[in-house]
Amino acid sequence: MAKSENTKAAKVRKPNIFLRVGMFIRQTFEELSKVVAPSGKELLGWSVAVFIFVVLLMIFITSLDFGLGKLMVTLFG
């Protein structure tokens with residue numbers, strides 16, 4: 001008896017591809033309606049933070065490049 005109940009639960013049919021695509025698009029627009037754009041002040045603050053981080057990363061990578069280059073010249077002449 002229990003086996004027939006499990007097979008019924010396992011044979012639940014999915015909607016066809018067009019209904020699934022439509023549902024996906026509808027859910028996408030519902031989620032996009034929840035998005036809040038940042039204010040100008042927030043956007044400027046985050047832009048400055050990203051710019052500073054990129055500059056610091058560039059300085060770090062450049063110093064590694066020059067330092068390891070000098071080390072290689074010192075070691076291998």
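Here is a short chat about a predicted model of a single chain.

Colleague: How many helices and strands does the chain have?
Modeller: From the N terminus on, the elements run α-α-α. No strand turns up in the chain, and the tally is 3 helices and 0 strands.

Colleague: Which helix has the lowest mean pLDDT, and which the highest?
Modeller: Taken overall, the chain has a mean pLDDT of 90, with 87% of its residues at 70 or more. Where pLDDT is low, the predicted coordinates should not be read in detail. Among the elements, the lowest mean, 62, goes with residues 2–10, helix α1, and the highest, 97, with helix α3.

Colleague: What percentage of the chain's residues is buried?
Modeller: To be called buried, a residue needs under 20% relative accessible area. The chain exposes about 7700 Å², and carbon and sulfur atoms supply 73% of that. Of the 77 residues, the buried share is 0%.

Colleague: Where does UniProt put the transmembrane region?
Modeller: The label comes from an unreviewed UniProt entry. In the model that span is 100% helix and 0% strand, and its end C-alpha atoms lie 37 Å apart. The record places the transmembrane region at residues 43–68.

Colleague: How far apart are the end C-alpha atoms of helix α3?
Modeller: Helix α3 covers residues 40–76, which makes 37 residues. At 1.5 Å a residue it should span 54 Å, and the model agrees with that, because the end C-alpha atoms are 53 Å apart.

Colleague: Which residue just after α3 takes a positive phi?
Modeller: Look just past the end of that helix, where phi is about 65 degrees. The residue there is glycine 77.

Colleague: Which residue caps the N-terminal end of α2?
Modeller: Helix α2 runs over residues 17–32 and reaches 22 Å from its first C-alpha to its last, close to the 22 Å expected. At its N-terminal end, a side-chain oxygen lies 3.1 Å from the backbone nitrogen of phenylalanine 18. That oxygen belongs to the capping residue, asparagine 16.

Colleague: Which residue forms a salt bridge with lysine 34?
Modeller: Side chains of opposite charge can pair when their charged atoms come close. A search of the whole structure finds 1 salt bridge. Lysine 34 is exposed at 57% relative accessible area, while its partner is partly exposed at 48%. The closest N and O atoms are 3.2 Å apart, and the partner is glutamate 31.

Colleague: Which residue's backbone oxygen does the side chain of threonine 74 reach?
Modeller: Threonine 74 sits in helix α3, and it counts as exposed because its relative accessibility is 65%. An α-helix has 3.6 residues a turn, so residues three or four places apart point the same way. The contact is at 2.8 Å, and the backbone oxygen belongs to lysine 70.

Notes:
Residues are numbered from 1 along each chain as its sequence is written. This is a predicted model: local features need pLDDT of at least 70, side-chain atom pairs count only at pLDDT 80 or more; totals for chains, interfaces and linings use all residues. Side-chain values use heavy atoms; hydrogens and water are left out. UniProt positions are given in the numbering used here, feature names are shortened, and annotations may be inferred rather than shown by experiment. Helices (H or I, at least four residues) and strands (E, at least two) are DSSP runs, numbered from the N terminus. Buried means under 20% relative accessible area, exposed over 50%, partly exposed in between (1.4 Å probe, protein chains only). Accessible areas come from the Shrake-Rupley method with a 1.4 Å probe; for residues, only the protein chains shown count as cover. The expected span of a helix is 1.5 Å times one less than its number of residues. A polar contact is a pair of N or O atoms within 3.5 Å; within protein, one must be able to donate a hydrogen and the other to accept it, and residues adjacent in sequence count only if both atoms are side-chain atoms. A salt bridge is a side-chain nitrogen of Lys or Arg within 4 Å of a carboxyl oxygen of Asp or Glu. pLDDT is the predictor's confidence in each residue, from 0 to 100.
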